[in-house]
Amino acid sequence: MAAAAGVVLLVAGCGSNGGSDDAGSGGSSSAGAASAGASGGSGAGGGEELSADDVKQEIETAATGAGLQQDAKADQVPAGTEQCMVMWNADGKKAADPKKSYDETVAALGKEGWQTGQSIDQAGTTIKSLSKGTWMLKAHNMGALKLVMFIATDAKPACAEALKVAGPPKTS
């Protein structure tokens, strides 16, 4: 789970900058998340506001439909951020082909209105940024580790503050 903790720090530290993962950006503060939410509105989601439960359900439906099973021992979101953050970790060892399932999950999310942003492929790891409404989603596939995870955060100002106060998720 140490790898998952490192990824979560990456997401929590700079994942709310509107989908930009440029190395020169130096990360993002909660102000960046707030401005992303203010300018993003809920346009990509067809006008509706998504709740954390909605986001979790969309990820779960897409992932299980692609052959992934949720890891029952996965890390949980920090206390106080349950309405602002969703973590869905797959048990990649149970998937016949974790990369194929990851790709199918991302494609299924796209069909649900998630807009694909930047994609990073490096050393067998793929991280794709998606967004819908005020939600930013980072989809991770760490091939050699058979680790597939989806971490979404809401960029609304109240959530940006809650995430800042709570800090990164605790690892088991």
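**Exercise 1. The disulfide**

Search the whole structure for disulfides, then work out which parts of the chain are tied together.

*Solution.* Keep in mind that this is a predicted model. Step one is the search: across the whole structure, 1 disulfide turns up. Step two, pick out the partners: Cys-84 and Cys-159, with their sulfur atoms 2.2 Å apart. That passes the cut-off, since a disulfide is called when two cysteine sulfur atoms lie within 2.5 Å. Step three, place the two residues. Cys-84 sits in the loop between H3 and strand S1 (85-91), and Cys-159 belongs to helix H5 (residues 157-166), so the bond ties together parts that are 75 residues apart in sequence. Step four, get the hand: the S-S torsion of Cys-84 and Cys-159 comes out at about -70°, so this disulfide is left-handed. Last, check the surroundings: Cys-84 and Cys-159 are both buried.

**Exercise 2. Two helices packing**

Describe how H3 and H4 pack, and say which residues make the contact.

*Solution.* Start with the geometry. Helix H3 covers residues 52-65 and helix H4 covers residues 98-111; they pack at an angle of about 135°, and their axes are 8 Å apart. That angle makes H3 oblique to H4, because angles over 145 degrees would be needed for roughly antiparallel and 65 to 115 for roughly perpendicular. Next comes the hand: H3 and H4 cross in a right-handed way. Now list who touches whom. H3 brings Glu-58, Ile-59, Ala-62 and Ala-63 to the contact, while H4 brings Thr-105, Ala-108 and Leu-109. Sorted by class, the contact of H3 with H4 holds 5 nonpolar residues, 1 polar and 1 charged.

**Exercise 3. Two residues of H4**

Take Lys-100 and Asp-103: find where each one lies, and decide whether it is buried, partly exposed or exposed.

*Solution.* Lys-100 first. Its place is in helix H4. The relative accessible area of Lys-100 is 47%, which makes it partly exposed; the band for that label runs between 20% and 50%. Now add a spatial partner: Gly-67 is 33 residues from Lys-100 in sequence, with 9.1 Å between their C-alpha atoms.

On to Asp-103, also placed in helix H4. With a relative accessibility of 29%, Asp-103 counts as partly exposed. Its partner here is Thr-126, 23 residues away in sequence and 10.0 Å away in space, C-alpha to C-alpha.

**Exercise 4. Positive phi**

Ala-123 and Lys-146 have positive phi values. Find the loop that holds each residue and look at its exposure.

*Solution.* For Ala-123, phi is near 50°, and that's a positive value in a residue other than glycine. Ala-123 lies in the loop joining strand S2 (115-122) and strand S3 (125-132). Its relative accessibility is 81%, so Ala-123 counts as exposed.

Lys-146 has phi near 55°, again positive in a residue other than glycine. You'll find Lys-146 in the loop between strand S4 (135-142) and strand S5 (147-154). Lys-146 has a relative accessible area of 40%, so the label is partly exposed.

**Exercise 5. The whole chain**

Sum up the chain's secondary structure, burial and contacts.

*Solution.* Count first: the chain has 5 helices and 5 strands. Then read them off along the sequence, which gives α-α-α-β-α-β-β-β-β-α. For burial, 44% of the chain's 172 residues are buried. For contacts, take those between residues at least 6 apart in sequence: 59% of them join residues at least 24 apart.

How values were computed. Residues are numbered from 1 along each chain as its sequence is written. This is a predicted model: local features need pLDDT of at least 70, side-chain atom pairs count only at pLDDT 80 or more; totals for chains, interfaces and linings use all residues. Side-chain values use heavy atoms; hydrogens and water are left out. Axes are lines fitted to C-alpha atoms, for helices over the stretch in contact, and angles run from 0 to 180 degrees between N-to-C directions. Helices (H or I, at least four residues) and strands (E, at least two) are DSSP runs, numbered from the N terminus. Angles under 35 degrees count as roughly parallel, over 145 as roughly antiparallel, 65 to 115 as roughly perpendicular and the rest as oblique. A crossing is left-handed if the near helix is turned anticlockwise from the far one by less than a right angle, and right-handed if clockwise. Contact means heavy atoms within 4.5 Å. Ala, Val, Leu, Ile, Met, Phe, Trp, Tyr, Cys and Pro count as nonpolar, Asp, Glu, Lys and Arg as charged, and the others, Gly among them, as polar. Buried means under 20% relative accessible area, exposed over 50%, partly exposed in between (1.4 Å probe, protein chains only).
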